[in-house]
Amino acid sequence: MQHEKIYIYRSRIFGFYKRSCKRHSYVRGISGCGTYVDPKRLEYAVKGVQKIVDAGKYPAVVKGTQDRKEALKDADGVLITILQGGVEVWRHDIEIPKKYNVDICVGDTRGPSGIFRFLRTAPVLLDIIRDCEEVCPNAVVLNYTNPMAMLVSYLQSMSDMNITGLCHSVQGTA
């Protein structure tokens, strides 16, 4: 059976990764390859996703690696969901504006906090896109990373790849 290869880049939280795999596992013949910055999280993610595949008897192949180019090679789709800098840095996106009486609820999509996050995240996403251009130039890139609109607009201006953004808050709300 011919497998479509889906690459998932995740540096932090496993919950979204797991839900994404459950949502997308109904597609026949997916070969999934994911990377994490932290090798322990990568091992945890691979085991968790493999359990989903086994329980659902999906004809999918799960692989984890810390070599991004190896994971991206010949991918048909790329799903990017990162939090650059981690939660430790993210709290400053809210606390610094608050110091100047700019009260922000979440601070990941707009205002000063969204701009901080964009500036921190854009170079990392562009590095991923440059790797995609090299090893999987025909892949569809789906970005779930916030500030999604700013990042996708930037990436589209920097690359001819098929890049689009998706909001993770929409699924299951209808």
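A residue counts as buried when its relative accessible area is under 20%, as exposed when that area is over 50%, and as partly exposed in between. Keep these words in mind for the tour, and remember throughout that the model in your viewer is predicted.

**The whole chain**

Begin with the whole protein in a cartoon view, where you can trace six helices and six strands. Followed from the N terminus on, the elements run β-α-β-α-β-α-β-α-α-β-α-β. The protein has 174 residues, of which 42% count as buried. If you switch on a surface, you are looking at about 9700 Å² of accessible area, and 55% of this belongs to carbon and sulfur atoms. Among the contacts between residues at least 6 apart in sequence, 72% join residues at least 24 apart.

**First stop: an aromatic pair**

Select phenylalanine 118 and tyrosine 154 and show their side chains. A search of the whole structure finds one aromatic pair, and the rings of these two residues form it, with their centres 5.7 Å apart. How do the two ring planes stand to each other? They are at 90°, and because an angle over 60 degrees counts as edge-to-face, this pair is given that name. Color the two helices involved, and you will see that the pair links distant parts of the chain: phenylalanine 118 belongs to helix H5 (residues 111–135), tyrosine 154 belongs to helix H6 (residues 148–158), and 36 residues separate them.

Is phenylalanine 118 buried or exposed? Its relative accessible area is 17%, so it counts as buried. Tyrosine 154, at 23%, falls above the 20% limit and is therefore partly exposed.

**Second stop: helices H4 and H5**

Stay with H5 and add helix H4 (residues 86–99) to your selection. Two packed helices are described by the angle between their axes and the distance between the axes. The axes of H4 and H5 come within 9 Å and cross at roughly 145°, and the crossing is right-handed. To see what makes the contact, show Val89, Trp90, Asp93, Ile94, Ile96 and Pro97 on the H4 side, together with Pro112, Ser113, Phe116, Arg117 and Arg120 on the H5 side. Coloring these residues by class gives seven nonpolar, one polar and three charged residues.

Now pick out isoleucine 96, which is found in helix H4 and is one of the residues of this contact. With a relative accessible area of 41%, isoleucine 96 is partly exposed. Draw a distance from its C-alpha atom to that of proline 112, and you should read 9.1 Å, although the two residues are 16 apart along the chain.

**Third stop: the loop between H4 and H5**

Move along to asparagine 101, which lies in the loop between H4 and H5. Its phi is near 65°, a positive value in a residue other than glycine. The relative accessible area of asparagine 101 is 75%, so this residue is exposed.

Aspartate 74 can be selected next for comparison; this residue is found in the loop between helix H3 (68–72) and strand S4 (77–81). Aspartate 74 also has a positive phi, of about 65°, although it is not a glycine. At 53% relative accessibility, aspartate 74 counts as exposed.

**Fourth stop: glycine 77**

Continue to glycine 77 in strand S4. Glycine 77 has a relative accessibility of 9%, so it counts as buried. From its C-alpha atom to that of cysteine 132 the distance is 9.9 Å, while the two residues are 55 apart in sequence.

**Last stop: a cis bond and the start of H6**

Which two residues are joined by a cis peptide bond? Select asparagine 146 and proline 147, and look at the bond between them, where omega is about 0°. Proline 147 has its place in the loop between strand S5 (140–143) and H6.

Finish with methionine 148, whose place is in helix H6. At 21% relative accessibility, methionine 148 counts as partly exposed. Leaving aside residues up to four places away in sequence, methionine 148 touches Asn143, Gly165, Leu166 and Cys167. The C-alpha atom of methionine 148 is 9.6 Å from that of glycine 114, which is 34 residues away along the chain.

How values were computed: Residues numbered from 1 in each chain as written. Predicted model: local features only at pLDDT ≥ 70, side-chain atom pairs only at ≥ 80, totals over all residues. Heavy atoms only, no water. Phe/Tyr/Trp six-rings, centres within 6.5 Å; stacked < 30°, edge-to-face > 60°. Helix = DSSP H or I, 4+ residues; strand = E, 2+ residues; numbered from the N terminus. Buried < 20%, exposed > 50% of the residue type's maximum accessible area, 1.4 Å probe, protein only. Contact = heavy atoms within 4.5 Å. Areas by Shrake-Rupley, 256 points an atom, 1.4 Å probe, with all protein chains shown as cover. Axes fitted to C-alpha atoms, helices over the stretch in contact; angles between N-to-C directions. Left-handed = near helix turned anticlockwise from the far one by under 90°. Nonpolar A, V, L, I, M, F, W, Y, C, P; charged D, E, K, R; others polar.
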